[in-house]
Structure formats: structure tokens, C-alpha cells
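Reader: I have the chain open in front of me and would like to know how the labels on it are earned. Could you take me through some of them?

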Amino acid sequence: MKIIYRVILLISLLFECSYAQMILNRDTSLSFFENGLPYNSALDGGINSGQFSNIDLNLDGVMDLIVFDRSGNKLNPYINDNGNYIYAPKYRNNFPKIHDWILLRDYNLDGKNDIFTYSSGGMAVYLNTSDNIDLEFTEITQLVLSDYGSNFLNIYISPVDIPAISDIDYDGDLDILTFSILGGFVEYHKNRSMELYGHCDSLIFEFSESCWGLFYEGLNSYILNCQNCQCPQVNNSYSAKQKHAGSTILAIDIDNDNDKDLILGDISYNNLNILINGGDNQNAFMIDIDSIFPQNFNNTIAANIQVFPAGYYVDVTNDGIKDLIVTTNSQNNSENYESCWLYENNGQNNEPNFNFIQNNFLQSDMLDFGTSAFPVFYDYNNDGLEDLIIGNYGYHNVNNDPTSSLALLENTGSDSIPSFNLIDRDWLNISSINLNTSLNIPALNLNPTFGDLDGDNNKDLILGDADGKLHLFTNIGNNNFQLSNPNFQNIDVGQFAQPQLIDVNRDGLIDIIIGEQDGTINFLPNNGTTNNAVFDTIIENWGGIDVDQSYITTGFSSPFLYDSNGVYQLFVGSYSGNIYQFSDIENNIFGQFIEVNSTVSNIWDGGKSALTLKDINNDNNPEMIIGNLAGGISYFSSNSLFNDTTISYNNNLDKNLFTIFPNPNQNKINISSTLNGEIKIYNLKGKIVKRKQKISEIETINISDLDKGIYLIKFLHNTKRFIIN
């Protein structure tokens, strides 16, 4: 009996902690504008290095779209609504965990595209086993093997490459082309499903050719006519032993001659090359190279992606003909704002006629701030409406460091219906200020926070940067900011300072908490005065927090401390994209905090998450804006349960605020306190089962109609358990 009671008690304690969780729901009701034009899908979350594939997500017989962003391993599903693509992140949960790359192909010809994705130096496959109701995938293999003659070995595919998965020999089953680990030759792994079984629903590969197409790829250059894998020595840069660096492969029939030509991108270059197959589908032989693809097809413009371009052949114009999408395959140091080039195919699948449409397909409809987005609410024009300031790591800048800046989105709505107008992508001209005083150049990774540091009732601006430094811009009135202290008070937390200005210890002075690359948080108490802030003490590893430590060694912690009805709750974004919640902060700022949740409301919207909280629609509940590595933002509204975050285990409030007697009991309980207010009784599912207003020193509550078990009573800012026996 004692063991059962202890188990129940443990469940009760866990419930008390979990009940402090914030309940959030994705919300797309916010309106956003730029230059007077509305964003159709402002909150889609940005794209850096997208990989495009078609799939029927909602099983309505119409091909939809997924865009996998290898920058943060973010899967973006889109429903095709008569040619309009509607962001539908709920379908992420139907996919297995994906990283590095994904291609969707129908290998068993059942009309449902299957998953081919990177796995441990090779490729995993998931069969699309969806019925008419649910999208579902079943793992077939974690590593695709090939018969090398003496034994079966893993088909090597680099995590930085994109292989070609296509019917190379036109026999009905899908084959694989991939670059060799040892050099620039393309290996051909032939699928033997049709030969062995007469159907294509198996993945039985044999290593067929070690230099398919008889060519060698160097550094964005090619040597043709490599008979027997021996190339003519046309220059000294060629080496058969040169390790392959990285390439993307797209195999399509460009000239309707019933064989596959190759569209190739190189890791260090901006252009796409097409190699024309002068052989046939049984014996490939590359005879010509076009380095300005697809310019010579319908006299369109050449692809020019900074850097490492990749081509994807998918129908996005809803006409049944596959179009060409050109993006970057680089996870960083590449175009991150206009990186999805759409070439509409006005021809046929096997004889395309490409016409360049735009360089920001899907991106033009969403808010995208390059790489990373760091949002914070701030009423910049003192009109009583919360505006939005968004910092970033930066927009890609050819041949230079990224351009880091602040974006200003003015709230032009009302106190109940906010609406934002993006009026400046370089607010205060931060990008031109040399905040990095060591190198006399602008700083990277600008993370903003606001607070009054000099007692003039104007909120000042602090920026954290990639070098772990802070920079102070003093608000001199009328929304004018002046750089007053770069390298503010010589504060240095290492790398990637993510600051928040807030009175942590409730002494009337603004303190600073700062996240950093290693995943911990620093607390800098204000040891000065209202008019002269002094931060001469850094308390490291504040609260014992180290986000993402179970996954990686660096967490990129991004903290936001929120005051909920007089009780602090700490939310922390992270490199993995998880959002952590911590409680037990009040009167415990030098102790260990309690982790309430590592995935708040199961929200995940991309890697390197950063967040801000504010009640922006006057409903007495906070809303959350989340930025991510892809430079986009998402919006989540909360419900009234968050106002009950004072329910937390060991919250260091007055334990004698009220007493319950007799406890346990089965008929009536008494609540004794010198204070009055509402009493709430919860069951272990978090449901309120009774309410009563306390108006006398001892309030009696009838519990005879409640089932046996453990219940929680919340009164003012304290919660206690009682048992009905």
C-alpha cells in the first residue's frame, strides 16, 4: 500500500510540474505587409537551402509539395490548393526523422511517392504505406546495399551530395547514380528488380559501372571520353585519386532521345552544368558540356546560385509537367533570401522548354530575414501597440560577410487585432556600424533586447553579437537611438550572445540574462542604480541550465524570462529547435531551476529557435513569436491555462498561505487562510472539478460527489494536494 501511495504521490508531483506548461496553438491570423503589399503566407518560416519533392500529403489524389531545408533539417509541407501552396506543418509528424537530404520517388509504381533519404554514409528507404485516411511510411531499410561481386556493401552517398534516383536503363525500376568516395567518377548501381521478379517493387542493386557516362568531374570542370575509367591528361589539376568534395546530380532526358542526361552542381561554384548523353540508355557516353544551364533552353537566364547549386524536377505550376527548381545545397555561406529559382517548363518532361519566372519561389510569400531570426516586441513609436523588431545572423553577401541588421515591423492594427507592416529591413542602419571594434567591421548575429538602463523612462537597446559581446544604443528620446557603448562594459560570454534585459531579482533594477553557444545561460545582476546600470558580475550556468546537452555539445541557448501573474517562467530556444521551459525561479535565482518541458506544446519550427512573448491582442494571455535558422518566424497563441503557471512544484512561495483539513477525507474538507479569493480543485487530468469563492477564514467544500484519488487545490499563488479515500 505504501508503494502504491508513493507512486501516486510521484504522479501528483509530476503533474504539478507539467501543469505549469504553456499551452500554445499555431496561429496564422496575423496580417503582415511590406511596401503596402500583403504577405500571403508570412508565417511559413523561411527557406535557406530547400530540397523540393512532390507527394500527395492529404491523399486527395493531387500532388502536393514538400520543401526540406537542410539548413536546420526542417521539413516544410505544402498542400496544393488549385495551384496555391498552403503551408501545412502538421504533416511533419507523418514523416520519419530526416537529415541532410530527402528525395521522394515512387519505386514500386503504386502511385505513392516513397522516401529516399541520407543515412550513415548511405541511403535509407521508407515505403509510402498510406491508406485513404492517413499518410504513413514504413521503413524498408536503413542502408541500401549493392552487389559488388564478392559481397553486398552499402552504396556510399555523401551527406553533402544529392544522388540521382531514376530509371537509368528504362526498364521500369529505379536505379542510383552517385559519385564515388574516391574521386569524380559517377557510380551506376542498377536495380535488378525487373530482371529477377518481373516487377519493380524491390530494391535489389548491383554495382554495374564505376564510371557511368565515361566522364570525370574535377573542380567544376569535366574530362570526357574516359574509356575504361582512364581519362586523357588534359591538365595537371586532374588526379584520379582526388577525393570527391561534393556535387548534386539530377538525371533527366533533356533532348527526348530516350536516355538520361545529367545536370550537375559543384560545391564551390555558382553555376549548373549539363552533360549531354550521346550514348543510349544501356551505354551512357557524355559528349558535350553546357556550363550555363539552362540558358540555352528557351534562351532563358543561366542559374547563378551562391553557392553549390542543386536542381529539382517537380511540378509546381500545377499543369502536370515537371518544372525546374534551382536552389543551393549549402547549409551556410550561401544565398539565403532569394535562393529558390523557378523555371517553368513550357515543353514536355522529356523535352523541357524552361522559362525563368522568379528567384524567390515560395519565399516571396513569406517573411524571410536571411539566416536566423531573433524577434522581440517593442513599442518603438509609443502608440501603445507592440511593434516587432527582428534581428538576424545576416543576409548573404557575395564575396563578403553576411549583412546583419534589424528589421522594424510596425503594428498598424489595434490593441485587439494586431497587424504588422515591415517598414525597414535595416532599422537604425545597424548594418553599416562597425560594432566589431577589433576588426573595425560590422558585427554578425545581432540579437536585440530593450530596457531602461538610465532611468529616463525610455527603453534603451542592447544588441548581442556572434563574438559574445554586447553593444548599447541609448534611447535619447523621440525614438532616436545613439550608439553610446560598443562592447558594453566589456561583457563577453564567449560566442553568440543572446541577451534579455529584465529585472530578474525584482529589486527595481534592470538585470541581464544572456544565452550563448555552449547552451548555458549567464546572469548579470545590476549592481548599479536606476540611473547608472553596472554589470560587473557574471553568474555562469544560471539555473543549472544547459539546453540540448543530450543531443549536441553546443546548444545556442536563447532565453526569454516571462512574468506570469507575478511568477517568472523561463523559456529557452536552442540549436535543435526545441523550446525548453523552466520553473522554480522566484526566490531561487541562485539555485537549480526545474525543467518543466523540453518541447513546449510539442512545438518545433526549425533549428536555432529564438522566441519572444507578449500579450499583443489584449486577451490577457501571452502570444509567442518564434524565429528559426531559416530566417523565418511563426506565431502561436496561448490559452488561459498559462495564467495558471503559478502551479509549480517547490515554487518557493509561502507554504502556509492556506491549510487543508482533514486530509485525507471523503466528505468535506476545510480551507483555512486569513486571505480570501477563488479556490480551484483540479483532478490529475488538469480539469477543474470544483470552484468556490473563499469569503470566510475557514471555507468548507463538499467533496462527496468526487471519485477517490488525488486532487490539487489552488488558492491564490499556492497549490496543495489532498486525497479522497
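**How the labels are earned**

Author: Glad to: let us begin with Glu206, which is partly exposed, with a relative accessible area of 25%. Please keep in mind that this is a predicted model.

Reader: Why is Glu206 called partly exposed?

Author: Buried means under 20% and exposed means over 50%. Glu206 has 25%, so the label in between applies.

Reader: What makes Glu206 and Arg192 a salt bridge?

Author: The closest N and O atoms of the two are 3.9 Å apart. The limit is 4 Å between a side-chain nitrogen of Lys or Arg and a carboxyl oxygen of Asp or Glu, so the pair qualifies. Glu206 lies in strand E17 and Arg192 in the loop between strand E16 and helix H2, so the pair ties together parts that are 14 residues apart in sequence. Arg192 is partly exposed too, at 27%.

Reader: How do you know that Arg506 and Glu586 form a salt bridge, and which parts does the pair tie together?

Author: Their closest N and O atoms are 2.7 Å apart, and the cut-off is 4 Å, so this pair also earns the name. Arg506 sits in the loop between strands E36 and E37, and Glu586 in the loop between strands E41 and E42, so the parts tied together are 80 residues apart in sequence.

Reader: Are Arg506 and Glu586 buried or partly exposed?

Author: Arg506 has a relative accessible area of 36%, which makes it partly exposed. Glu586 has 10%, and because buried means under 20%, that is its label.

Reader: What about the salt bridge of Lys692 and Glu699: what is its N to O distance?

Author: That distance is 3.4 Å. Lys692 is partly exposed at 32%, whereas Glu699, at 8%, is buried.

Reader: How many salt bridges does a search of the whole structure find?

Author: The search finds 13. There is also a network of salt bridges, which links Asp169, Asp171, Lys190 and Glu195.

Reader: Why is Ser634 called buried?

Author: Its relative accessible area is 1%, and the label needs a value under 20%, so Ser634 is buried. This residue belongs to strand E45, and among the residues it touches are Arg26, Leu43 and Met624.

Reader: And what makes the pair of Ser634 and Asp605 a polar contact?

Author: Their side chains meet at 2.9 Å. A polar contact needs N or O atoms within 3.5 Å, one able to donate a hydrogen and the other to accept it, so the name fits.

Note on methods: Residues numbered from 1 in each chain as written. Predicted model: local features only at pLDDT ≥ 70, side-chain atom pairs only at ≥ 80, totals over all residues. Heavy atoms only, no water. Helix = DSSP H or I, 4+ residues; strand = E, 2+ residues; numbered from the N terminus. Buried < 20%, exposed > 50% of the residue type's maximum accessible area, 1.4 Å probe, protein only. Contact = heavy atoms within 4.5 Å. Lists of a residue's contacts leave out its neighbours within four places in sequence.
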